[in-house]
Amino acid sequence: MTSDQWPVETSPVGARAAAGDPSECTPPLSVVIVSYNTVALLARCVRSVLADAPPRTEVYVVDNASSDGSADMVRRAFPTVRLIANSDNHGFAAATNQALRQARGRYVMLLNPDAELRRGSLPRVVAFLDARPQVGVAGARLSYHDGRFQHSAFRFPSLPMAFLEFFPLNHRLANSRLNGRFPAADYQRVFAIDHPLGACMTVRRAALPAVGLLDESFFLYCEEVDWCWRFKQAGWHVVHCPAVLVIHHEAQSTRQRRGPMLVQLYRSRYRLYAKHRPGWQQGVLRWLVRLGAASKVVTLLLSTVGAATAAQRCKLREEAAAYRAVIRLKGIGRMSEPLTAIILTYNETAHIVPCLRAVQWADHRLVIHSGDDEDIPALAAAHGARVLSRPFTNWPEQRNYALDQATTDWVLFVDVDERVTLDLAEVIQAVLDGHRLPANDEQPPVGYWIPRQNVILGQWVRHAGWYPDYQLRLFRRSCGRYDPARPVHELVQLSGEARKLTPPLVHLNYSSWGQFWAKQRRYARLEAERLHGEGIRPKLHSLILQPLRELRRRYWELQGHRDGLLGLQLSLALSWFTFVTYRHLWQLQRQRQPRPTGDAPTR
C-alpha cells in the first residue's frame with residue numbers, strides 16, 4: 001500500500017490534541033512513537049492509539065528519516081497526529097526527547113511502532129498512575145502477535161545475565177531470576193521491577209525535571225534501562241502494570257540492519273555499565289562479551305559448511321562479521337580523566353544540535369556562543385550544554401577564553417560543523433583511561449593530533465592537503481594556549497609531547513562554492529595581515545610565483561588530481577587565493593612607512 005492509499009483518520013480525540021486549545025486543561029496523556037521504516041506496522045500502531053485515547057490525548061510520531069514513506073503516510077492518514085519528521089536518523093533517545101520537550105500530558109507513554117494497544121489500555125494506565133502517585137514508571141503486559149507470552153519486566157543487567165546470554169546452559173536458567181526474568185504467573189498482578197521492556201512504558205512527566213530526559217549518548221538500546229535506573233535513584237517506583245495490554249511484533253526496525261544493530265547493542269551495554277556499575281564489573285563484562293562473541297563466530301562459520309544455499313551462507317558470514325566487530329569494541333564509558341568538549345559557534349543554528357549529540361558521551365559540554373542568533377543558546381542548553389556568550393574578536397581569543405572557562409584539565413575542541421565519530425570517541429576514552437599512555441619511565445603525552453576528514457560539496461576530499469589535515473584538538477589545558485598572533489588556522493602552543501590518533505574528525509566543510517569563496521576571501525585578508533605583522537615584504541614576482549607554487553603543491557605534490565574535477569577546482573581556487581593574499585600583502589606594504597634601518601624578511 002502506497003502512502004496516498006492510506007485511509008484518513010479523523011478522530012475527534014486527535015483533533016482536540018492537535019488543536020492544542022489553551023483553554024483545555026492539561027492533557028492526561030501524551031503518546032510518543034518513534035518510527036524507522038515500519039510504515040505498515042506504524043499505521044496499525046497509530047490507529048490502535050487513536051481508537052483507545054482518552055479525551056485531549058496528544059499523539060506524537062517522530063520519524064527518523066524513514067525511506068519507506070512513513071512520514072508521508074502519517075501526514076495523509078492521520079492529520080491530527082503531531083508529526084516530527086527528521087532529515088536524518090537521530091537515534092531513539094534523541095528522537096524521543098524531541099517529543100518529550102513538547103509533550104504536555106500528565107503522563108507520557110513511549111510506544112514502539114511495532115506495538116498495538118488493546119482496547120481500554122490507555123484509560124486504564126491513566127487511572128493506574130492517578131491512583132499511585134509514588135510510581136514514576138509503569139510497564140505493560142506484552143504478547144507476541146500469535147498470543148504467546150512475552151517477557152516485559154526485568155531486573156537491571158548483571159554479569160550472570162551477560163554469561164547466560166551467550167551460554168544459556170539450561171532453558172530454565174534462561175527464564176529464571178538469575179537471568180533477570182520474573183515468573184510468567186506474576187504478570188497477572190502489580191509488582192515492583194527494575195525496568196520494563198521499552199516497547200511500551202509510561203512515565204510521570206512531573207518526575208522529569210529531577211530525573212532528566214533520555215540520555216542521547218545511547219543511539220539505540222539500553223536508553224530505557226538507564227532512564228529507569230535514574231528514576232529509581234530519584235526515589236520513584238518502577239512497576240509492572242497488568243492492565244496495559246500490548247501486542248508486540250518484536251524488532252521490526254532493528255532486524256533490517258542486524259549486523260550494525262548487534263554492534264550498537266553491545267556498545268550501549270558497555271555505556272550502561274560505565275554509568276551504573278563499578279569498574280571491575282565493566283572489565284568482566286567486556287571479557288564475557290568477547291568470549292561469547294568469539295564462540296558465536298566459530299559456530300556461525302562452522303554452520304556455513306552445512307548451509308543449503310549461497311544466500312544462507314552469505315547471511316551466516318555477515319552475522320559472524322558482526323560478532324567480530326563486537327569483539328573489537330572498546331565501548332564508550334565513564335573516563336578516569338574527565339573531559340570537557342568545547343564548541344565555538346557563530347550563527348550556525350543548523351549544526352549545533354547534531355554537533356552536541358556527537359559529544360554527548362563527554363563529561364561536560366561547553367558552548368561559547370558569538371553572533372546574533374538567539375536560537376543557539378536555547379538549543380544548546382536544552383541538550384545539556386553549559387552556554388556562555390562572548391562577543392567575537394578572533395578565533396584564538398575565543399578558544400583561550402573557552403580554556404579559561406573549562407572545569408576539567410583535558411579538553412576537546414570541536415567546531416560546530418564537525419562531528420565526532422563513535423570510533424574517535426572510543427579512542428579518546430581509551431586515551432583518557434590511560435590505555436595509550438607510554439611506560440611509567442616516559443613522559444606521558446599532553447595532547448593528541450586528530451586527523452580531519454573534510455567533506456566539501458558533499459564529497460570527501462582525500463588529497464591536495466585536505467586529508468589527513470591533522471588538528472591538535474585534544475590536550476591538557478594546563479599545558480596549552482592558542483597563539484594570539486595566528487587569527488586564522490589557529491595554532492596551539494603546547495608545553496609537552498603530542499601524539500597522533502587514527503580515527504578522523506568529520507568536517508562538513510563547505511556546502512557551496514559561495515560559502516567557500518566567502519570564507520577564503522576572509523582567510524586571505526587575515527593571512528596577509530599576519531604576514532604583514534611579521535614584517536614579510538613581498539616582491540612583485542611573488543604575485544605570480546607564489547600562486548603557481550601553490551597550484552603545483554596542491555595538484556601534483558599533494559595529489560589533488562586523484563580527487564578528479566573537484567581536486568582540480570580546489571587546487572585552482574586555492575592558487576587564486578594565494579594570489580589574493582599576496583595582493584593584500586602588497587597593498588599593506590605600500591601603505592606602510594619604510595623602515596629607517598635593518599633588513600626585513602622577504603617572500
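How many bridges join strand β4 to β12, and do the two strands run parallel or antiparallel? The points below take up this pairing, then the rest of β12, and then S30. The model is predicted.

1. Strand β4, residues 107-111, is joined to β12 by 5 bridges, and the two strands run antiparallel. Within this pairing, Y107 stands opposite R204 of β12.

2. Strand β12 also pairs with strand β6, residues 135-138. Here 2 bridges join the strands, which again run antiparallel. V137 stands opposite V203 in β12.

3. Strand β12 covers residues 200-204, and 5 of its 5 residues are buried. C200, T202 and R204 point one way from the strand, while M201 and V203 point the other way. In a regular strand, side chains alternate between the two faces of the sheet. In β12 both sets are buried, R204 included. Of the residues named in the pairings, R204 is the one that Y107 stands opposite, and V203 is the one that V137 stands opposite.

4. S30 belongs to strand β1, which spans residues 29-35. Its relative accessible area is 0%, under the 20% cut-off, so S30 counts as buried.

5. A polar atom of the S30 side chain lies 3.0 Å from the backbone nitrogen of G105. G105 is also among the residues in contact with S30 beyond four places in sequence. The others are E58, Y60, A103, R104, Y107, V108 and M109. One of these, Y107, is the residue that stands opposite R204 in β12.

Terms used
Residues numbered from 1 in each chain as written. Predicted model: local features only at pLDDT ≥ 70, side-chain atom pairs only at ≥ 80, totals over all residues. Heavy atoms only, no water. Helix = DSSP H or I, 4+ residues; strand = E, 2+ residues; numbered from the N terminus. Buried < 20%, exposed > 50% of the residue type's maximum accessible area, 1.4 Å probe, protein only. Polar contact = N/O pair within 3.5 Å; in protein donor to acceptor, adjacent residues only side chain to side chain. Contact = heavy atoms within 4.5 Å. Pairing = 2+ DSSP bridges.
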